[in-house]
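Could you walk me through this model in my viewer, one selection at a time? I would like to know what to pick next and what I will find there.

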Amino acid sequence: MELKEQFEKAVLDSKSLSQKPANETLLQLYSLYKQSTEGDVNTEPPTNMFDFVNKAKHDAWSSLKGKSMTQAMQDYIDLVNSLKS
């Protein structure tokens, strides 16, 4: 199966996990998904200092700067597969 197809399957699988992952893992999934689909972070960080959720999301995505989209896809697939087991 091609990497893109595996990634799309992992995205679907991530929505039907038997239990909800911890917040840290959800941030990892989010940032790997964004890096896989859009590349390096392309938005400004939230300006509201009390917007903790969006700040955490932006920081998580920003931490992957420079990681290739294909590597991010593979990491996403591996993470989802580990959550399924």
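Start by selecting Ser-14, which lies in helix α1, the stretch covering residues 3-14. Bear in mind as you go that this is a predicted model. Setting aside residues up to four places away in sequence, Ser-14 touches Tyr-76 and Val-80. Now add Lys-55 and draw a C-alpha to C-alpha distance: Ser-14 and Lys-55 are 41 residues apart along the chain, and their C-alpha atoms are separated by 22 Å.

Stay in the same helix and click on Leu-12, another residue of α1. Is Leu-12 buried or exposed? Leu-12 has a relative accessible area of 59%, and anything over 50% counts as exposed, so Leu-12 is exposed. For a second distance, pick Val-80: Leu-12 and Val-80 are 68 residues apart in sequence, with 9.8 Å between their C-alpha atoms.

Next, show α1 together with α4, the helix of residues 69-84. The axes of α1 and α4 come within 9 Å and cross at roughly 40°, which means that α1 is oblique to α4. The crossing in which α1 passes α4 is left-handed. To light up the contact, select Leu-3, Lys-4, Gln-6, Phe-7, Lys-9, Ala-10, Val-11, Asp-13 and Ser-14 on the α1 side. On the α4 side, take Thr-70, Met-73, Gln-74, Tyr-76, Ile-77, Val-80 and Lys-84. If you color this selection by class, the contact of α1 with α4 shows 8 nonpolar, 4 polar and 4 charged residues.

Keep α4 on screen and bring in α2, which spans residues 23-38. Here the axes of α2 and α4 come within 8 Å and cross at roughly 150°, and the crossing is left-handed. From α2, the contact draws on Thr-25, Gln-28, Leu-29, Leu-32, Tyr-33, Gln-35, Ser-36, Thr-37 and Glu-38. From α4, it draws on Met-69, Ala-72, Met-73, Asp-75, Tyr-76, Leu-79, Val-80 and Leu-83. Sorted by class, the contact of α2 with α4 has 10 nonpolar, 5 polar and 2 charged residues.

Zoom in on one residue of that contact, Thr-25, whose place is in helix α2. Which residues does Thr-25 contact, leaving aside its neighbours within four places in sequence? They are Leu-79 and Leu-83. The relative accessibility of Thr-25 is 16%, and the cut-off for buried is under 20%, so Thr-25 counts as buried.

Now hide α4 and turn to α3, residues 52-62, with α2 still displayed. The axes of α2 and α3 come within 8 Å and cross at roughly 55°, so α2 is oblique to α3. This time the crossing, with α2 passing α3, is right-handed. Select Leu-27, Tyr-30, Ser-31, Lys-34, Gln-35 and Glu-38 in α2, and you will find them meeting Ala-56, Lys-57, Ala-60 and Trp-61 in α3. By class, the contact of α2 with α3 has 5 nonpolar, 2 polar and 3 charged residues.

Within this contact, click on Tyr-30, which sits in helix α2. Not counting neighbours within four places in sequence, Tyr-30 is in contact with Lys-57 and Trp-61. Tyr-30 counts as partly exposed because its relative accessibility is 26%. Add His-58 for one more distance: Tyr-30 and His-58 are 28 residues apart in sequence, and their C-alpha atoms are 9.6 Å apart.

For the last stop, which residues of α3 are buried? Select His-58, Ala-60 and Trp-61, the buried residues of α3. Turn the view to look down the axis of α3: its buried residues fall within an arc of 165°, so they line one face of the helix. It helps to recall that an α-helix has 3.6 residues a turn, so residues three or four places apart point the same way. Finally, bring α2 back into view if you have hidden it, since the buried residues of α3 pack against α2.

Technical notes:
Residues are numbered from 1 along each chain as its sequence is written. This is a predicted model: local features need pLDDT of at least 70, side-chain atom pairs count only at pLDDT 80 or more; totals for chains, interfaces and linings use all residues. Side-chain values use heavy atoms; hydrogens and water are left out. Axes are lines fitted to C-alpha atoms, for helices over the stretch in contact, and angles run from 0 to 180 degrees between N-to-C directions. Helices (H or I, at least four residues) and strands (E, at least two) are DSSP runs, numbered from the N terminus. Angles under 35 degrees count as roughly parallel, over 145 as roughly antiparallel, 65 to 115 as roughly perpendicular and the rest as oblique. A crossing is left-handed if the near helix is turned anticlockwise from the far one by less than a right angle, and right-handed if clockwise. Contact means heavy atoms within 4.5 Å. Ala, Val, Leu, Ile, Met, Phe, Trp, Tyr, Cys and Pro count as nonpolar, Asp, Glu, Lys and Arg as charged, and the others, Gly among them, as polar. Buried means under 20% relative accessible area, exposed over 50%, partly exposed in between (1.4 Å probe, protein chains only). The arc is that of the directions from the helix axis to the C-beta atoms.
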